[in-house]
Amino acid sequence: MYHETSLAVWVGFVIFILLVLLLDLGVFHKKSHTVGFKESIIWSGVWIALALAFAVVILYWRGQEDFMLFLTGYVIEKSLSVDNLFVFLLIFGFFKIPNQYQHKVLFYGILGALIMRAFFIWAGIAILTKFEWVIYIFGAFLLYSGVKMLMPQAEEHDLEKSWVINWTKKIFPTTPHFHDDKFFVKLNGAWMITPLFITLIFVEFSDLVFAIDSIPAIIGITNDPFLVFTSNVFAILGLRSLYFALKGFADMFHYLKYGLALILMFIGVKMLIIHWFHMPVAVTMAVIFTVLLGSVLLSIWSNRKKEKNA
């Protein structure tokens, strides 16, 4: 059972997020520029601080249990988004997107992701509310996703053959050249899309794919729509800064993928046995944080060992 959240609170939160995004793009990142490591670290700290401040609001407003649920959901979404960052690296590298334009693509990509995830969250919780047995399908899917992540996979990423590119080029007239940071350009009297817009479509599609895992995962923690949505929003808001901070260290967290796989499997099992055994929030939170911390520390230890041997 979850707290009912008034319409005024929902509207107020959405307005706050829109103002933050407008301030981000319209003031601090008004001009396209290359985001450096120092700037990305500062902004990552800002977004994390905002999330923690909101968690404190949840603590005094709703109590300790919802505070822990929000934090757990936020950490899960933030961790799962790291895999998405590596996909962004692949996409930007394939389309040869100049560094100074990457922030704009990620900004609009994340804006679209917020809208898509809001729909997924609403649909997922609405289905669970009406058909409780669907939780077993979600649990089985997460268990399958976790096992699949543990299996070795071929590293084949031929984006040129992607149906997304073929579909986009068939529908929209496309120019092969960049025109500053514009998504659309008028050439010879006709509007055309630029490679920057095709990249944006790829970014949106990649988030759609990742949302299929991440939304059931957080619903497995709590089915409170407000906590699910807000934890998702705060995790996604810091995604751009995290990308620029981590893109130089793409291989640093080698074992994080396996940690995330174990977490998905854990949540999947938790959903499958929920009608026979209700796991306390504190235990769920402890397991998730322990697995994440262990995978990060193991990655750091492995990297240092490789550097020492080299």
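Of the 310 residues in the chain, 47% are buried. The structure described here is a predicted model, and a good way into it is to begin with the chain as a whole. The chain contains eleven helices and two strands. Followed along the sequence, these elements come in the order α-α-α-α-α-α-β-β-α-α-α-α-α. About 16,400 Å² of the chain is exposed, and 70% of that area is supplied by carbon and sulfur atoms. Contacts often reach far along the sequence: among those between residues at least 6 apart, 80% join residues at least 24 apart.

Helix 1 offers a first stop on the surface. This helix covers residues 7-28, and L7 lies in it. L7 has a relative accessible area of 65%, above the 50% cut-off, and is therefore exposed. Together with V11, I15, L19 and L22, L7 makes a nonpolar surface patch of about 520 Å².

I17 also belongs to helix 1, but its surroundings tell another story. With a relative accessibility of 6%, I17 counts as buried, because the limit for that class is under 20%. Once neighbours within four places in sequence are set aside, I17 is in contact with L114, V233 and L237. The C-alpha atoms of I17 and V233 are separated by 8.4 Å, although the two residues are 216 apart along the chain.

Two of these partners, V233 and L237, are listed among the buried residues of helix 8, which leads to that helix. Helix 8 has 13 residues and spans 18 Å from its first C-alpha to its last, close to the 18 Å expected at 1.5 Å a residue. Twelve of the 13 residues are buried, so helix 8 is largely enclosed by the rest of the structure. Among the buried residues are F226, F229, N232 and F234.

T230 is a helpful residue to follow within this setting. T230 is found in helix 8 and, at 0% relative accessibility, counts as buried. Apart from neighbours within four places in sequence, T230 is in contact with F13, F54 and F70. The C-alpha atoms of T230 and I17 are separated by 9.9 Å, with their positions 213 residues apart along the chain.

Helix 7 can be looked at next. Helix 7 runs over residues 195-219, has 25 residues and reaches 36 Å from its first C-alpha to its last, close to the 36 Å expected at 1.5 Å a residue. A kink of about 40° is centred on A211 in this helix. Helix 7 is mostly covered, with 20 of its 25 residues buried.

Charged side chains add a further set of links. Side chains of opposite charge can pair when their charged atoms come close. The structure holds five salt bridges. In one of them, the side chains of R62 and D224 meet at 2.6 Å, N to O. This pair links distant parts of the chain, 162 residues apart: R62 is in helix 2 (residues 37-62), while D224 is in the loop between helix 7 and helix 8 (225-237). R62 is buried, at a relative accessible area of 11%, and D224 counts as buried at 2% relative accessibility.

Another salt bridge joins the side chains of K104 and D181, at 3.8 Å, N to O. K104 lies in helix 4 (residues 99-130) and D181 in the loop between helix 6 (163-171) and strand 1 (184-187), so the pair ties together parts that are 77 residues apart in sequence. K104 counts as buried, its relative accessibility being 19%.

D180 and K182 form a salt bridge as well, with the closest N and O atoms 3.9 Å apart. Here D180 counts as partly exposed at 49% relative accessibility, and K182 counts as partly exposed at 40%. Elsewhere, R62, D66 and D224 are joined into one network by salt bridges that share partners.

Key. Residues are numbered from 1 along each chain as its sequence is written. Side-chain values use heavy atoms; hydrogens and water are left out. Helices (H or I, at least four residues) and strands (E, at least two) are DSSP runs, numbered from the N terminus. The expected span of a helix is 1.5 Å times one less than its number of residues. The bend at a residue is the angle between axes fitted to the seven residues ending there and the seven starting there. Buried means under 20% relative accessible area, exposed over 50%, partly exposed in between (1.4 Å probe, protein chains only). Patches are made of residues with over 30% relative accessible area and no salt bridge: like charges are joined within 9 Å, nonpolar side chains (Val, Leu, Ile, Met, Phe, Trp, Tyr) within 5 Å. Accessible areas come from the Shrake-Rupley method with a 1.4 Å probe; for residues, only the protein chains shown count as cover. A salt bridge is a side-chain nitrogen of Lys or Arg within 4 Å of a carboxyl oxygen of Asp or Glu. Contact means heavy atoms within 4.5 Å.
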